[in-house]
Amino acid sequence: MRDYDEIIAFLGEWGPFQRLVFFLLSASIIPNGFNGMSAVFLAGIPEHRCRIPAGANLSAAWLNASVPLEERGGKVVAQRCRRYSLRALSNLSAQGLLPGDVDLAALEQEPCLDGWDYSTEPYLATIVSQWNLVCDDDWKVPLTTSLFFVGVLLGSFISGQLSDRFGRKAILFATMGVQTGFSFLQIFSTSWEMFTVLFLIVGMGQISNYVVAFILGSEILGKSVRIIFSTLGVCIFFAIGYMLLPLFAYFIRDWRMLLLALTLPGVLCVPLWWIIPESPRWLISQGRFEEAEVIIRKAAQKNGIPAPAVIFDSTEVQDLKNRQQKGMLLDLFRTPNIAVITVMSLFLWMITSIGYFSLSLSTPNLHGDVYLNCFLSALTEVPACVIAWLLLRTLPRRYSISGTLFLGGGIILFLQLVPQNLHILSVTLVMLGKFGVTSAFSMLYVYTAELYPTIVRNMAVGAASMSSRVGSIIAPYFVYLGAYDRFLPYILMGSLTVLIGILTLFLPESYGNPLPETFEEMLQIKGFRNRKNTYKIGNSTQHELNSKNLRTSF
């Protein structure tokens with residue numbers, strides 16, 4: 001019985017068909033890059049202070065001294081959320097006294113009863129200045145980003161099951177439409193609540209598009225190209241979108257116009273419906289052999305290669321039909337061995353996601369220009385993806401992922417030892433830490449896809465990605481902790497990253513194995529302890545293979 005890779009071996013690895021699928025699916029990831037991190041600028045917090053109404057009966061001297069001062073970031077600046085009582089200032093001004101004639105510290109203070117004045121540098125307008133998400137309402141800023149990632153969490157779960165049931169291509173383009181359409185609707189938001197609900201739905205489409213594009217490319221492309229696609233393709237094109245974000249934001253500093261500019265590129269993906277094919281692997285897993293054969297023959301024609309007269313012989317088709325299994329979410333926990341691997345994988349994704357998104361979202365808090373820091377954070381992902389690709393080509397998955405997590409976590413922990421005045425060194429170390437975490441994150445998609453069989457592969461990657469979104473929901477609050485202690489977020493991120501790097505060493509090794517088509521083949525991956533017992537997959541009963549039959553090669 002031949003596997004899928006053997007059946008399509010005559011197509012070659014890098015013909016015109018594969019190149020077309022590679023670049024078009026990679027390009028479809030670009031909008032995910034700027035939509036995923038857009039909150040950095042949409043919810044940017046400009047400098048602000050209490051507004052003094054024009055009708056306040058104050059002299060020019062008292063207007064300048066109407067807001068108490070505080071030390072922040074080594075500088076003495078106006079407080080953001082308090083002002084001196086206007087009634088008291090008005091009395092002092094009427095008496096002809098000047099600010100230097102009284103003890104300002106003894107004056108009564110009050111909250112910003114008349115709103116705030118916002119600086120127009122570096123942001124002209126954000127949702128923070130639009131709906132006054134500051135002071136008593138500053139909790140809404142991290143919540144906005146967290147709710148976006150709640151949508152990402154829901155999308156991770158839903159997209160995996162939908163694409164396993166209805167096909168990769170249909171769900172890919174449906175989620176593209178959700179992401180683009182609801183981003184456009186956000187422009188017309190009339191309240192923070194409306195904006196946040198739409199942002200949640202955008203998050204659902206954003207991750208669904210990413211995961212399904214990754215799975216579709218992994219299943220269409222051959223083994224050698226699959227790794228390049230999963231790292232240099234998907235990850236670098238995501239980084240390109242991420243790098244475009246600060247470029248757009250630098251020239252478009254109003255949040256509504258920025259959203260419009262970020263929405264338009266999604267429309268360009270519509271013509272891809274008539275070019276990108278369905279996954280033949282998925283069609284075969286559904287027993288739709290004729291449709292899979294049509295796609296394979298078109299690929300051969302595109303590559304200028306004659307296809308065999310018979311691609312699936314009758315015996316092979318019948319054998320494949322007999323082997324078809326219907327997967328369900330519980331299959332990821334069906335046996336003790338598979339359940340342990342699934343739980344460990346979910347934990348790995350969650351902690352890596354906390355590190356990645358905390359470092360990405362914290363760029364406005366770094367010293368220097370917010371646009372440059374965001375661009376550097378995005379640029380760091382390019383060498384991280386290249387290193388991930390090289391590691392995936394040459395080294396076992398476990399050691400590669402664990403090593404990069406150790407690198408990122410160790411550097412992040414070292415930040416607390418850097419003096420505050422060494423700003424450039426601090427920014428450099430943050431970027432190096434993100435480099436390590438991003439490299440590990442880039443390899444997780446490949447590693448997880450290699451562990452699970454076709455019938456639940458998208459579901460498994462979707463569940464793992466869903467777990468990572470729990471981490472991304474938490475990440476904005478890691479950044480928020482920096483308001484109380486600038487080193488606390490880095491201590492937590494670094495410790496968790498090093499810990500999960502150690503646990504990664506206990507996972508199975510998939511390096512060198514073909515993609516498993518069934519759970520029986522999954523259990524042949526090196527590192528699965530083999531027990532002679534019986535378990536159910538969907539509606540059928542399977543037996544674990546005896547250890548003497550397992551392949552132990554990498």
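Where in the chain is the place of Pro122?

1. Pro122 is placed in the loop that runs between strand S6 (116-118) and helix H7 (127-131). This is a predicted model, and in it the peptide bond that joins Glu121 and Pro122 is cis, with omega at about 0°. A reader who inspects the loop between S6 and H7 may wish to look at the bond between Glu121 and Pro122 with that cis geometry in mind.

2. The loop that follows H7, between that helix and helix H8 (140-166), holds Asn132, and Cys135 likewise lies in the loop between H7 and H8. Asn132 has a positive phi of about 55° although it is not a glycine, and Cys135, also a residue other than glycine, has a positive phi near 55°. As to accessibility, Asn132 has a relative value of 30% and therefore counts as partly exposed, whereas Cys135, at 14%, falls under the 20% cut-off and so counts as buried.

3. Two packed helices are described by the angle between their axes and the distance between the axes. For helix H10 (residues 192-220) and helix H11 (residues 223-251), the axes come within 9 Å and cross at roughly 155°. Because angles over 145 degrees count as roughly antiparallel, H10 and H11 are described as roughly antiparallel to each other. The handedness of the crossing of H10 and H11 is right-handed.

4. The residues that bring these two helices into contact can be listed from either side: H10 contributes Gln206, Tyr210, Ala213, Phe214, Gly217 and Ser218, and these meet Arg226, Phe229, Ser230, Val234, Cys235 and Phe238 in H11. Sorted by class, the contact of H10 with H11 is made up of 7 nonpolar, 4 polar and 1 charged residues. Among the participants, Tyr210 and Phe214 come from H10, while Phe229 and Phe238 come from H11.

5. Which residues is Thr448 in contact with, leaving aside its neighbours within four places in sequence? With those neighbours set aside, the contacts of Thr448 are Trp349, Ala460, Val461 and Ala464. Thr448 itself has its place in helix H20 (residues 423-451), and its relative accessibility is 3%, which means that Thr448 counts as buried. The side chain of this buried threonine makes a polar contact with the side chain of Trp349, at 3.0 Å. Trp349 is thus named both in the list of contacts of Thr448 and as its side-chain partner in the polar contact.

Terms used. Residues numbered from 1 in each chain as written. Predicted model: local features only at pLDDT ≥ 70, side-chain atom pairs only at ≥ 80, totals over all residues. Heavy atoms only, no water. Axes fitted to C-alpha atoms, helices over the stretch in contact; angles between N-to-C directions. Helix = DSSP H or I, 4+ residues; strand = E, 2+ residues; numbered from the N terminus. Parallel < 35°, antiparallel > 145°, perpendicular 65-115°, else oblique. Left-handed = near helix turned anticlockwise from the far one by under 90°. Contact = heavy atoms within 4.5 Å. Nonpolar A, V, L, I, M, F, W, Y, C, P; charged D, E, K, R; others polar. Buried < 20%, exposed > 50% of the residue type's maximum accessible area, 1.4 Å probe, protein only. Polar contact = N/O pair within 3.5 Å; in protein donor to acceptor, adjacent residues only side chain to side chain.
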